Amino acid sequence: MITFENIDVVYPNGFKGLSNVNLQINKGEFVAIVGLSGAGKSTLIRTINGLVPFTSGTLTVGDDVVDPRSKAKLRRLRSRVGMIFQSFNLVTRISVLNNVLVGRSAETPTWRSLLGWYRAEDKELAFQSLERVGIVDKAYMRASSLSGGQQQRVAIARVLAQDPEVILADEPVASLDPPTAHKVMRDLRRIQQELGITTIVNMHHLDLARSYADRIIGMRAGEVVFDGPVEEATDAIIEEVYQRSLTAEDIVASDSATQGTVTSAAAQD
């Protein structure tokens, strides 16, 4: 369980990234966070693993109270909380397998990591993680040779190799075309259901949030202005969150509409 109690984030320039956030995210939930750019979506999830320190309030992940001032506590926290980024954050000059093995760094002595001497059990976990996202056959290819969708799946496998309790995904499909975005979201949803990992995803596109999440949190100006099950997140509610009418840019093509493209793109992604 993740609990926010009266969380504020104030940046050094005085800008308030979060204002009095109170939330409880249950173990095993799949939560989508929506809102316009600058609404506080990224700030919210980055407080969970300490990438953005909060300035007041109490944040609890599992049984641990997050302390942004303690480097040792943050290292332990980040070993349990995996992060997926929009830009993939892969080392493109090395193999897919070695990228995934980076997820074992918290459990591997530094000298082993530097020499690439990973234990057999770590390599087995890395292969299992690649198999979960359907690209184990790419293990020995350079990451730079993969498509965008494949690279994002490597990033997911890297997080799985970490054996996390929580997965945070910050706009993980923003740079992908709609068919590939659906495939990546299906991977995340399946992993969450099979492994029971709490999954929190920031996104702009409402149809993806509605298709894959259990719950939607709407943010505006650093505040939570909607929190409820997917079926309650109607267009009227989201227009209240956005404070404007929805546009085509808020929606991507539906899965049924793109199914043919998904099939034809399978060889690439």
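Buried means under 20% relative accessible area, exposed over 50%, and partly exposed in between, computed with a 1.4 Å probe on protein chains only. The model is predicted, so local features need pLDDT of at least 70 and side-chain atom pairs count only at pLDDT 80 or more, while totals for chains, interfaces and linings use all residues. Residues are numbered from 1 along each chain as its sequence is written, and side-chain values use heavy atoms, with hydrogens and water left out.

**Stop 1: R210 and D235**

Select R210, which is partly exposed at 28% relative accessibility. Add D235, also partly exposed, with a relative accessible area of 42%. Their side chains form a salt bridge, 2.7 Å from N to O; the term means a side-chain nitrogen of Lys or Arg within 4 Å of a carboxyl oxygen of Asp or Glu. R210 belongs to helix 8 (residues 206-212) and D235 to helix 9 (residues 235-242), so the bridge ties together parts that are 25 residues apart in sequence. Helices (H or I, at least four residues) and strands (E, at least two) are DSSP runs, numbered from the N terminus.

**Stop 2: helix 9**

Stay on helix 9 and select I238, V241 and Y242, its buried residues. They cover an arc of only 90° around the axis, so they sit on the same side of helix 9; the arc is that of the directions from the helix axis to the C-beta atoms. Turn to the other side of helix 9 and A236 and E240 are exposed. To see what covers the buried residues, show strand 3 (30-34), helix 8, strand 9 and strand 10, which are among the covering elements. Contact here means heavy atoms within 4.5 Å. Just after helix 9 comes Q243, with a positive phi near 60°.

**Stop 3: R215 and D227**

Two of those covering strands are joined by another pair. Select R215 and D227: they form a salt bridge whose closest N and O atoms are 2.7 Å apart. R215 lies in strand 9 (residues 215-220) and D227 in strand 10 (residues 223-229), so this bridge ties together parts that are twelve residues apart in sequence. R215 is buried, at 9% relative accessible area, whereas D227 is partly exposed at 37%.

**Stop 4: D64 and R80**

Next, select D64 and R80, a salt bridge with its closest N and O atoms 2.7 Å apart. This pair links distant parts of the chain, with D64 in strand 5 (residues 64-65) and R80 in helix 2 (residues 71-80), 16 residues apart. D64 is partly exposed, with a relative accessible area of 40%, and R80 is buried at 16%.

**Stop 5: helix 5**

Select residues 120-132, which make up helix 5. This helix has 13 residues and reaches 19 Å from its first C-alpha to its last, close to the expected 18 Å; the expected span is 1.5 Å times one less than the number of residues. Which residues of helix 5 are buried? They are D122, A126, S129 and L130. Viewed down the axis, these fall within an arc of 100°, so they line one face of the helix. The face turned away from the buried side carries the exposed residues A120 and E131. Helix 3 (96-101) and helix 6 (148-161) are among the elements covering the buried residues. After helix 5 comes G134, whose phi is positive, near 75°.

**Stop 6: a network**

Finally, select R132, R153, D187, R190 and E194, which are linked in a network of salt bridges. For the full set, a search of the whole structure finds 17 salt bridges.
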